[in-house]
Amino acid sequence: LGGEEANLLLPLYLVLAAGIVASAWRQWQAPAVSDENDRATPSGIAGWPRPLLAISVVLFALGLFWSDDRSTGLQNLCFFLVPFALVFALMLDVKWTRERLRTVLIVVVVMALVCALIGFAEFHWRHLLWNETVIRTNDFNVYFRVNSLFWDPNVYGRYLSLAITVVAATLIWSRNRREMLILCAVAAVLWLALITTFSQSSFIALLAGLAVLVALRWSLRWVLLGTGALVIGAIVFATVAGDVVKLDLSRINAQSAGRANLIEGGIDLFQNRPIFGYGSGAFSEAFRDEIAGQNAPVTESHTEPVTVAAELGVVGLAIYFALIASAIAALGAGMRRVMPGLGAAFGTNDPKRGPPAARAAVLAAFIAVLVHTITYAGFLDDPVTWVLIAIGYSLAFPCRATSAA
């Protein structure tokens, strides 16, 4: 496009087009009356996700006017944010029954297993399907990273982490012994596949997702205590046994593939233009021009809050954190109480077993995505984020007719 190349999600665009056509055809055949008035009413910030998502897209579009890299920003807007907003609108209107949720689970698991099989083949034959950067990196590393059908091993790892999180949610809420054994086997296979990615950010995301499930199913207090113990243990290990594993905090930038410098540089960019930033999609260009020079090997921040701060300043950062807070509030609305009428449609209604499994799975998966974006990248430019918010919002605030079915 215009002499440039971009990695686009062409199959997803075809699926989106089919969804739009189907929705338009359904409206043509039998125009539906809006059911918003019949939807359970969210309170407080739990009702903000939809307007904040819209504001985020509009702000990103406005950021193009002062962007130092308008081409990249325009690609992100046209090929990612706008299509994903349409995905969100379509998913929000779906009536999520138990059968549909089970279908989604099966599709996620089957696709993850297919990707895992391809990843195992890549690992066995030491041959990747694409991405010359990863191929060259593997030639100089003692370990071999795979990316399966994905472009980036970290994105492949993110998908596996989300799949394991969803499988784990189904597993710990299940009462069927045979189903539990199958889910354990699936989780084990996906875990082995995750190891072949060597994606630290994906492992951290998985731990975050599992911690949310444990907190919802059993006890938040024990999760907090366990997390605190883990942090203290990591600090003690780094202090006492750092030499054994060759952990050198003075070389943290090299050991983190340059991310420490990227974060520091992003903070410097934010300080240079704190109000509106350098514009949408301009982080890499600004980092080259003002921080690292044109020959910098890596220019993507790989830390989403830093990217937002550098590109859209305080305004963008405020909307970003408000969106996260509202999404968590919406997806977790009513989790501490039993929701009458939803047990038959969305999972257990037993107070001793916590919230419905589907809602717990969506919330845990969203937290996993969020943690992954903080340690890697890709919040609103990942369609999974939009889909999780849409499904979680619909489950938290269903139409009364649906919840009574």
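pLDDT is the predictor's confidence in each residue, from 0 to 100. You will want it on screen, as this is a predicted model. Colour the protein chain by pLDDT to begin: the mean is 81, and 82% of the residues reach 70 or more.

Now pick out the two extremes. Select residues 49–63, which form helix 2, the element with the highest mean pLDDT (93). Then jump to residues 343–346: this is helix 14, with the lowest mean, 34. Widen that selection to residues 337–354, where pLDDT is below 50, although the stretch has 44 contacts in the model beyond near neighbours in sequence. Residues 401–405 also stay under 50, with 5 contacts beyond four places in sequence. Where pLDDT is low, the predicted coordinates should not be read in detail.

Next stop, helix 3: select residues 70–92. These 23 residues reach 31 Å from first C-alpha to last, close to the 33 Å expected. Centre the view on Leu 77 to find a kink of about 35°. Leu 77 is also one of the buried residues of this helix, which include Phe 80, Leu 81, Phe 84 and Phe 88. What covers them? Show helix 1 (10–29), helix 2 and helix 16 (383–396), which are among the elements covering the buried residues of helix 3.

Finish with helix 13, residues 304–331. Its end C-alpha atoms are only 21 Å apart, whereas a straight helix of 28 residues would span 40 Å. Zoom in on Leu 312 and you will see the centre of a kink of about 130°. Switch on the surroundings as well, for helix 13 is mostly covered, with 20 of its 28 residues buried.

Definitions and conventions: Residues numbered from 1 in each chain as written. Predicted model: local features only at pLDDT ≥ 70, side-chain atom pairs only at ≥ 80, totals over all residues. Heavy atoms only, no water. Helix = DSSP H or I, 4+ residues; strand = E, 2+ residues; numbered from the N terminus. Expected span 1.5 Å × (residues − 1). Bend = angle between axes of the 7 residues up to and from the residue. Buried < 20%, exposed > 50% of the residue type's maximum accessible area, 1.4 Å probe, protein only. Contact = heavy atoms within 4.5 Å.
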